[in-house]
Amino acid sequence: MAQPEQSATSSAAQLPSEVQSHLDANRERHQEELVDWLKIPSISSDSSRRDDVHEAAAWLQRKFEDAGLSTELIATDGFPLLVASTPPVDGAPVALVYGHYDVQPPEPLDLWTTPPFEPSIRDGKIFARGATDDKGQVLTHIHSVCDWVASGQSLPLQIKFLIEGEEEVGSQNLEERLPDLADKLACDVVVISDSSQYAPGRPAITCGLRGIATYELFLDGPSHDLHSGSFGGAVANPAMALCQMLASMKNADGSIAVEGIYDDVAAIPDIEREAWKKLGADDAEFANSVGASELHGETGFTTDERRWARPSLDINGLTSGHQGEGVKTVLPAKASAKFSFRLVPDQDPKRLTKLLESHFEKHCPPGIHWTLKPDHGAGAMLADANSRFAKAASVAIEQAFGTAPVMIREGGSIPILARFQEVLKCDCLLLGWGQGDDAAHSPNEKFSLDDFHRGIQASASLWQSIASV
């Protein structure tokens, strides 16, 4: 993937004065509406929050309808898909904005400085669950389009929105419905803001995302918990077996020890490796930003290469035995672990499942029965850094942020994007306004309000820029 030349700010990105005046006059309202939306605890993985997830969709539906957009709420077996659009523009490209209104669970609650669904502003940042992932970021595009329409000026292209409520649980219902919705969602480019800038003051266009494969491993030993004194040393311990089996998947050099996993891993193009080195990454600064004493990863690769373009494995949760206060000397009957892989181009989650089954068959200790449950998976995606849409985005971002964006990949996953490319036959633009330390999925998630407002400006400029390229 070649790295394009950096764009200079162009008159193509300059907005009609009426639009710019409307954006400037409504900064306070933009922020107030962000606070209102963040108050809704739309946790898609929590069945007790179903009504709240539906309310988050209804809040956004009202926003679109009040702005005069054509709006439709499409039912699924889970949470609804919200589709909205502005009028078609003859001869102009069509952009589809994708985002999600569901959020991650907020636990552990005791680590939040302020409650996760009571948005708090400190040091120019808004703290709340969903602030950066993804309500705050997708709202920048919603504000830019609604304000453009409210200014009385015609948009230079048609913009469609697809906002879903199950991104945080794998987007299965959207994936199943996407072929049936292909005509309704037909577009030239999908625009997504659910990622990060490269660093403070260094905006980025993300040209690739890793894929994902998530699993839960269940181990069973004796029929019930046993006294560790009477039976320890004579009966296999599922908790010990779980540790052994999980440890068997990693080598000391940081590589993954599952046989065959690297057979389909695409090499990192030299042009990208050289471009990433020029970004000037500082490992000590990166470690400090995440509160780590030092970094560790696969030998032979830089930190950016490891987190953007190499597969990784992480344990996400462990359960076994006594979890309460104090000591209880049991030999537990069961143990389980949740773990996930991040995948790179050419890796297939279904093939990985077969490799894992073979691996655990070899490494499970005697006296233990294991069950592997795959959850959701999706392949990696790459976007064309030299497309006309990437060039248009470079112009718009430089106009809003005052500096040209760099081209990067991201280690996270947005499972539906590869399906967009496959079904809609469109380009993708990943324009992250957040920062790497915004604590998405963690306590004290935040989003810079300056970046929120710059994101709105960049979004409005993007529509002008795309139509002009």
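**A walk through the predicted model**

Let's begin at K135, whose contacts (heavy atoms within 4.5 Å) beyond residues up to four places away in sequence are W37, L38, I40, S42, H100, Y101, V103 and G130. Before going further, note that this is a predicted model, in which local features need pLDDT of at least 70 and side-chain atom pairs count only at pLDDT 80 or more, while totals for chains, interfaces and linings use all residues. Residues are numbered from 1 along each chain as its sequence is written, and side-chain values use heavy atoms, with hydrogens and water left out.

K135 belongs to helix α4, residues 135-150. Helices (H or I, at least four residues) and strands (E, at least two) are DSSP runs, numbered from the N terminus. K135 is buried but has no salt bridge, and D102, the nearest side chain of opposite charge, is 8.8 Å away. Here buried means under 20% relative accessible area, exposed over 50% and partly exposed in between, with a 1.4 Å probe and protein chains only. A salt bridge needs a side-chain nitrogen of Lys or Arg within 4 Å of a carboxyl oxygen of Asp or Glu; for charge, Lys and Arg count as positive and Asp and Glu as negative, while His and the chain ends are not counted. What K135 does have is a polar atom of its side chain 3.0 Å from the backbone oxygen of W37.

One of the residues touched by K135 is H100, which leads us to strand β3. Seven of the seven residues of β3 (94-100) are buried, so this strand is largely enclosed by the rest of the structure. V94, L96, Y98 and H100 point one way, and A95, V97 and G99 point the other way. Strand β3 pairs in the parallel sense with β6 (158-164) over seven bridges, and G99 sits opposite I163 there. Two strands pair if DSSP finds at least two bridges between them. Strand β3 also pairs in the parallel sense with β7 (189-192), over four bridges, where V97 has V191 as its bridge partner.

Further along the chain, four strands make an open antiparallel sheet in the order β11-β13-β9-β14. Strands β11 (312-320) and β14 (369-378) are at the edges with a single partner each, so one side of each has no neighbour in the sheet. From one strand to the next, the twist averages 15 degrees. Ten bridges join β9 (211-220) to β13 (334-343), and G211 faces L343 across that pairing.

Two helices accompany this sheet. Helix α7 (238-247) lies across β9, β11, β13 and β14, at about 15 degrees to β13. Helix α11 (349-363) packs on the sheet as well, touching β9, β13 and β14, and its direction makes about 165 degrees with that of β14. For these angles, axes are lines fitted to C-alpha atoms, for helices over the stretch in contact, and angles run from 0 to 180 degrees between N-to-C directions.

Finally, look at some backbone details. Most residues other than glycine have a negative phi, and most peptide bonds are trans. The peptide bond from E107 to P108 is cis, with omega near 0 degrees, and P108 is in the loop between β3 and β4. Another cis bond joins D133 and D134. K425, not a glycine, has a positive phi of about 55 degrees; at 68% relative accessibility, K425 counts as exposed. H441 has a positive phi near 75 degrees and is partly exposed at 40% relative accessibility.

Methods: A polar contact is a pair of N or O atoms within 3.5 Å; within protein, one must be able to donate a hydrogen and the other to accept it, and residues adjacent in sequence count only if both atoms are side-chain atoms.
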